Amino acid sequence: MAAISFRNVTKRFGAKVAVSNVSFEVPEGSAFGLIGPNGAGKTTSFSMMAGFIRSTDGSVTVLDHVPTDVAALGSRLSVLPQDAILPPRDQVGELLVFLANLQGIGPERREKCARDVLEEVGGKDWWKTRCGELSHGMAKRVQLAQALLGEPTVILLDEPTAGLDPRAAHEVREIISRRKRAESTLVISSHNLQELETLCDFAAILDRGQLVAKGSMSELTGAGREVIFQLAPKKGTREIGVVPEAVLAAISGVKRVLVDRDRLIVSFDPTALEAEDVIQSVLEALFASGLRIGGVTKGQGLEKRVMDLTDA
Amino acid sequence: MNPLAEIVALFVRELLRSLRSGKAVILATLSFLVGSALALGITRLEESELIRSASDPAHMMEFREQAYSAFVGMSAAHKLVESPLEVAGIAWINVFFCPLLITLIGFDAMSSDLQFRSVRYFTSRARRSSIYLAKMLGVFALISTILLVIASLGWTVVIANGIAAPAVTLKWGVRFWISTLPIVLAWTSIAMLIGSQFKTPMLSLLTTFVGFFGVWVFGVAFSHYFHSEALGWIYPGTFTPMLITLEPADLGKGLAGTLGSTVLTSGLGVYLFTQRDV
């Protein structure tokens, strides 16, 4: 079942078409990535899901309701907007308690919920700090905290790690992973493709307002039908050696073997083989031929896929 | 959360936000200055001179009736003769200045949240109509309080100068202040409608000024020029005489006019806010 549904959605700002006839569904309980370069329509799509803006044509639904139907969605939808500044004069704790109140969390639970999420993002000492006095990284965590308030069914996160130092970004990813395990539906819009590849099960790739690919992360990266072996030179030489292409091609289920300089790309039929079987069989053949292996990856990686699909 | 609870929660937050902002100090100072100027003016009024010169009470009543009749008609003026002119004058001046105060206080009620998109933390949790109405009521409550402070300074001078007894001053002062509230609400609603269309507070401020001036031009200048009573309804101040009288029919008209204007403008404001991108 779909937690979020986009059906032939178009959004125009005056003459400019920001999103054009886009359709996709976010499966319930999944982590879904919105991917694309600047100007692709990610934030516009995200804003339509969050109910910040309305589509010009087509329909967007979240848990079978229009996103602006706050009364119906209640506390089931929560949002981390990328570029929304926290009210500068509000103290962090007071703001979180107030937002919890608006979400309908009872007075006996409000403060505890607020303190719990603040602790979860590593900010338990910021309770009395005014939002305007927070550093960028601290503010980002408080923004994340407000999105985690209560027990939302759908959490929308726009660039959750943008502008954070590597440690803080890692910690935020850990928090998101925990929520993913808690079976919330997550939608993450990000430029960080490695992050999305790690966190997400499904994704939609947008470019210039158009949907250019959608599906499971495995389908998008080719992880379920392609394995790439990084070939290393023999000790003391620059020579890789001879790849036994005929032997590899003869493995049952292997469809194609391609050697591209120091990379060996093996495509296979996913209905006949799993990637792990291919890795084992190919490695055996390569070792038997005296070749050295520098690394193995399933699929091309999201970055390569996005580069192929989107214009520079 | 039900809409009423949402409005109350957001309204309380708006009030606290206003009181905490630097604007509160500026407005408190402004209130004191306007109130003081008003108090000085009171001591110069002709009636005050009459009182100081221990004029005949009958002459005083006649003087008041004539003065009131110019604004509310003879029948209503007769019922207002017990109220000191100074106290009514304070209310009148408040009504005159309230658009300025509303512009200065309310111009960024919505636009500041729209500019930095802070409103997004609230639109995903509360109905937009609740957000809009709570902000409007927040501005209204603040303005009403400021006008009460300004009036209180004036009343103090009235009492201290022996122009009227404390009980009389307070009785009529509070009554006149309450009478001005529908007018304040109508102006606040117009200001919110205009101000909420812009994301830049400065643009919102300027447009609210222009909008209010437009309301004056149509509701006062054009109304007089074209002898059109209907045009006068655009201007909330038109209803002041009706609201301060004790004539039920006039009071009803005044309330219908101001509250009708409020419902119309805030209804339009809510509709536009629910349709717009934030």
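User: Buried means under 20% relative accessible area and exposed means over 50%. In this predicted model, are W172(B) and F176(B) buried or exposed?

Analyst: The two residues belong to helix α10 of chain B, which covers residues 166–195. They are 4 residues apart there, about one turn of the helix. The state of W172(B) is shared by F176(B): both are buried.

User: Which kind of aromatic pair do W172(B) and F176(B) form?

Analyst: Over all chains, a search of the whole structure finds 12 aromatic pairs. For W172(B) and F176(B), the ring centres are 5.7 Å apart and the planes meet at 40°. Planes under 30 degrees apart would count as stacked and those over 60 as edge-to-face, so an angle in the remaining range makes a pair tilted. The pair formed by W172(B) and F176(B) is therefore classed, with its 40° angle, as tilted.

User: Which residues do ring pairs link into a cluster in chain B?

Analyst: Rings pair if their centres lie within 6.5 Å. Such ring pairs link four residues of chain B into a cluster: F218(B), F222(B), Y225(B) and F226(B).

User: At what distance from the ring centre does R115(A) lie over the face of W127(A)?

Analyst: An arginine counts as sitting over a ring if its CZ is within 6 Å of the ring centre and within 35 degrees of the ring normal. In chain B, R128(B) lies over the face of F273(B) at 5.9 Å from the ring centre. In chain A, R115(A) lies over the face of W127(A), and the distance from the ring centre is 3.9 Å.

User: Which helix supplies the largest share of the lining of the largest pocket?

Analyst: The largest pocket has a volume of about 480 Å³. Its lining comprises 25 residues, with R89(A), R17(B), S21(B), D108(B) and S112(B) nearest the centre. In chain B, the elements α1 (3–20), α2 (22–44), α7 (111–115) and α9 (128–160) each provide at least two lining residues. The largest share, 5 residues, comes from α1(B).

User: How many charged residues does the lining of the largest pocket have?

Analyst: The lining of this pocket draws on both chains, since R89(A) and R17(B) are among the residues nearest its centre. By class, there are 10 nonpolar and 6 polar residues, and the number of charged residues is 9.

User: Which helix gives the most to the lining of the second largest pocket?

Analyst: The second largest pocket holds about 270 Å³ of space. Two elements of chain B, α6 (85–106) and α11 (201–225), give two or more residues to its lining. By class, that lining has 11 nonpolar residues, 1 polar residue and no charged residues. The greatest contribution, 6 residues, is that of α6(B).

User: Is T103(B) buried or exposed?

Analyst: T103(B) is situated in helix α6 of chain B and is one of the residues lining the second largest pocket. Not counting residues up to four places away in sequence, T103(B) touches L205(B), T208(B), F209(B) and F212(B). Its relative accessibility is 1%, and T103(B) therefore counts as buried.

User: Which residues is Y121(B) in contact with, leaving aside its neighbours within four places in sequence?

Analyst: Y121(B) is part of helix α8 of chain B, residues 120–123. Its relative accessible area is 1%, so Y121(B) is buried. The contacts, with those neighbours left aside, are P81(A), A84(A), I85(A), L86(A), L99(A), Q143(A) and Q146(A).

User: What is the phi of D64(A) near?

Analyst: Most residues other than glycine have a negative phi. D64(A) occupies the loop between β4 (57–62) and α2 (70–73) of chain A, and it is exposed, with a relative accessible area of 58%. Its phi is positive although the residue is not glycine, with a value near 70°.

User: Is E159(A) buried or exposed?

Analyst: E159(A) is not a glycine, yet it has a positive phi of about 45°. The residue lies in the loop between β6 (154–158) and α6 (166–181) of chain A. With a relative accessible area of 7%, E159(A) is buried.

User: What percentage of the residues of chain A count as buried?

Analyst: The secondary structure of chain A consists of 11 helices and 13 strands. Its C-alpha atoms fill a box of roughly 70 × 45 × 35 Å along the principal axes. Of the contacts in chain A between residues at least 6 apart in sequence, 66% join residues at least 24 apart. Among the 312 residues of chain A, the share that counts as buried is 51%.

Methods
Residues numbered from 1 in each chain as written. Chains lettered and ligands numbered in written order. Predicted model: local features only at pLDDT ≥ 70, side-chain atom pairs only at ≥ 80, totals over all residues. Heavy atoms only, no water. Phe/Tyr/Trp six-rings, centres within 6.5 Å; stacked < 30°, edge-to-face > 60°. Buried < 20%, exposed > 50% of the residue type's maximum accessible area, 1.4 Å probe, protein only. 1 Å grid on protein atoms, 1.4 Å probe; cavity = no way out; pocket = protein on both sides within 12 Å on 5 of 7 lines; lining within 4 Å. Points joined across faces, edges and corners; volume = space filled by probe spheres on them. Nonpolar A, V, L, I, M, F, W, Y, C, P; charged D, E, K, R; others polar. Contact = heavy atoms within 4.5 Å.
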